Amino acid sequence: MLKIAVIGCPIGHSLSPKIHGAALESLGEKYAYEKIEVKPGELGGFLDYAKNNLDGFNLTMPHKVDIIPYLDEISEEAEMFSSVNTVKVKNGKFYGHNTDADGYVDALKNAGISHENKNILILGAGGVVRTLAKKLSVGDTKEIVILNRTEEKARKIADEVDKCRCAKLTYDVLAEACKTADVLINATPLGMDGCKGDFENTEFLENLKPDAFVSDLIYAPPKTTLLRSAERLGLRIMNGFDMLIFQAIRADEIYLERNLNIEKIYEDVIEKCNR
Ligand code: NAP
């Protein structure tokens with residue numbers, strides 16, 4: 001039986017048990033999935049438990065960076081992103097990976113979008129943007145523009161990523177950047193359930209080309225103000241739920257140590273989660 005868990009703080013809201021449960025049931029795997037609250041500074045104690053009781057675990061805030069010194073090995077991508085969301089436990093050792101960016105690219109692909117030859121506009125410069133910008137810059141991507149409330153944080157990422165520039169996030173700058181963007185990604189919590197802030201207006205969306213794609217990493221609510229406005233303009237949209245599903249399936253590949261039929265499992269997970 002596969003024994004896995006998700007850790008974070010807070011963790012009560014996590015959809016990981018539901019998604020991994022649906023994926024592993026679709027594979028006919030026997031599993032136990034725990035949701036464990038691990039407060040900042042309590043990673044050491046949890047790892048003693050994990051070493052003897054788990055085959056792997058997912059990590060969410062605030063542990064994605066703090067786990068790194070505890071790992072025996074880290075994958076090339078997770079090291080490049082300086083962020084770990086999946087740990088395989090094997091023979092008492094910890095192997096760190098990051099499946100967030102792969103999950104996002106899988107979700108884009110599932111929506112019929114490729115980042116190749118595209119101008120990508122990202123709002124936010126937090127942990128997830130570091131991974132997405134690095135992943136999306138590989139290949140024939142034309143340009144990545146990062147706009148963030150705190151410009152220095154965007155600058156730090158832009159300096160590390162090819163074909164990437166940045167600026168302070170203002171409505172004027174955003175409206176201008178939309179004129180050339182093919183893919184717009186909101187990676188701020190603006191519009192998220194439980195977050196006080198939201199976009200004050202979404203007029204900037206009118207500057208996007210008719211075939212532009214608008215993606216919000218938020219999945220609660222399923223349609224943020226941003227996505228509803230984009231949809232009203234006839235633009236293609238995607239919320240953050242598919243990214244969450246695909247990064248989970250990629251994590252299950254790591255736990256099970258084999259390639260999975262990702263598209264088939266995605267369909268099964270969607271069907272189970274919508275029931
Ligand atoms: P993070 O490290 O906390 O970064 C948050 C970013 O949002 C920062 O750049 C911050 O700007 C900006 N921000 C926060 N409040 C803002 C406001 N009121 N106005 C403008 N900008 C604001 O978060 P993260 O881990 O990168 O995650 C970002 C988003 O992606 C979250 O909504 C998270 O839920 C979502 N996410 C989804 C998935 C998925 O699987 N769907 C996975 C990971 C993350 P400053 O730098 O100025 O503080």
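The exercises below, each with a worked solution, concern a predicted model.

**Exercise 1. Cysteines**

Determine how many disulfides the model has, and examine C164 and C195 in turn.

Solution.
- Step 1. The criterion is a pair of cysteine sulfur atoms within 2.5 Å.
- Step 2. Applying this criterion gives a count of 0 disulfides. For C164, the nearest cysteine sulfur belongs to C166 and is 6.9 Å away, and C164 is in no disulfide.
- Step 3. For C195, the closest cysteine sulfur is that of C9; because the separation is 18 Å, it is too far for a bond.
- Step 4. To place both residues by exposure, take buried as under 20% relative accessible area and exposed as over 50%, with partly exposed in between. C164 has 15% relative accessibility and therefore counts as buried. C195 has 25%, so C195 counts as partly exposed.

**Exercise 2. The ligand site**

Describe the surroundings of the ligand: which residues come nearest, which backbone atoms lie by the polar atoms of the ligand, and how much of the ligand's accessible area the protein covers.

Solution.
- Step 1. There are 20 residues around the ligand, and those that come nearest are A125, N148, T150, K153 and G240.
- Step 2. Sorted by class, the shell consists of 11 nonpolar, 7 polar and 2 charged residues.
- Step 3. Now take the backbone. A polar backbone atom of G126 is 3.4 Å from an oxygen atom of the ligand. For G127, a backbone N or O atom lies 3.0 Å from a ligand oxygen atom. G240 has a polar backbone atom 2.9 Å from a nitrogen atom of the ligand.
- Step 4. On its own the ligand has 930 Å² of accessible area, of which the protein covers 76%.
- Step 5. Two or more residues of the shell come from each of the elements α5 (127-136) and α9 (241-256).

**Exercise 3. Strand β11**

Work out how strand β11 (residues 213-216) is covered on its faces and how β11 pairs with β10 and β12.

Solution.
- Step 1. On one side of β11 are F213 and S215, on the other V214 and D216; all of these are buried, and both faces are covered.
- Step 2. β11 pairs with strand β10 (residues 183-186) in the parallel sense, over 4 bridges. Within this pairing, D216 of β11 is the bridge partner of N186.
- Step 3. Strand β12 (residues 236-238) also runs parallel to β11, joined to it by 3 bridges. Here F213 stands opposite R236 of β12.
- Step 4. As background, strands of a sheet pair through backbone hydrogen bonds, either parallel or antiparallel.

**Exercise 4. The six-stranded sheet**

Give the strand order of the sheet that contains 6 strands, identify its edges, and locate I36.

Solution.
- Step 1. The sheet is open, with the order β2-β1-β3-β5-β6-β4 and mixed pairing.
- Step 2. β2 (31-37) and β4 (73-74) each pair on one side only and are the edge strands.
- Step 3. At the β4 edge, 2 bridges in the parallel sense link β4 to strand β6 (residues 93-97). One residue pair is E73 with Y95, its bridge partner in β6.
- Step 4. At the other edge, I36 is found in strand β2. Its relative accessible area is 18%, so I36 is buried.
- Step 5. Finally, compare sequence and space for I36 and E25: they are 11 residues apart in sequence, and their C-alpha atoms are 21 Å apart.

How values were computed. Residues are numbered from 1 along each chain as its sequence is written. This is a predicted model: local features need pLDDT of at least 70, side-chain atom pairs count only at pLDDT 80 or more; totals for chains, interfaces and linings use all residues. Side-chain values use heavy atoms; hydrogens and water are left out. Buried means under 20% relative accessible area, exposed over 50%, partly exposed in between (1.4 Å probe, protein chains only). A residue is near a molecule or strand if one of its heavy atoms lies within 4 Å of it. A polar contact is a pair of N or O atoms within 3.5 Å; within protein, one must be able to donate a hydrogen and the other to accept it, and residues adjacent in sequence count only if both atoms are side-chain atoms. Accessible areas come from the Shrake-Rupley method with a 1.4 Å probe; for residues, only the protein chains shown count as cover. Ala, Val, Leu, Ile, Met, Phe, Trp, Tyr, Cys and Pro count as nonpolar, Asp, Glu, Lys and Arg as charged, and the others, Gly among them, as polar. Two strands pair if DSSP finds at least two bridges between them.
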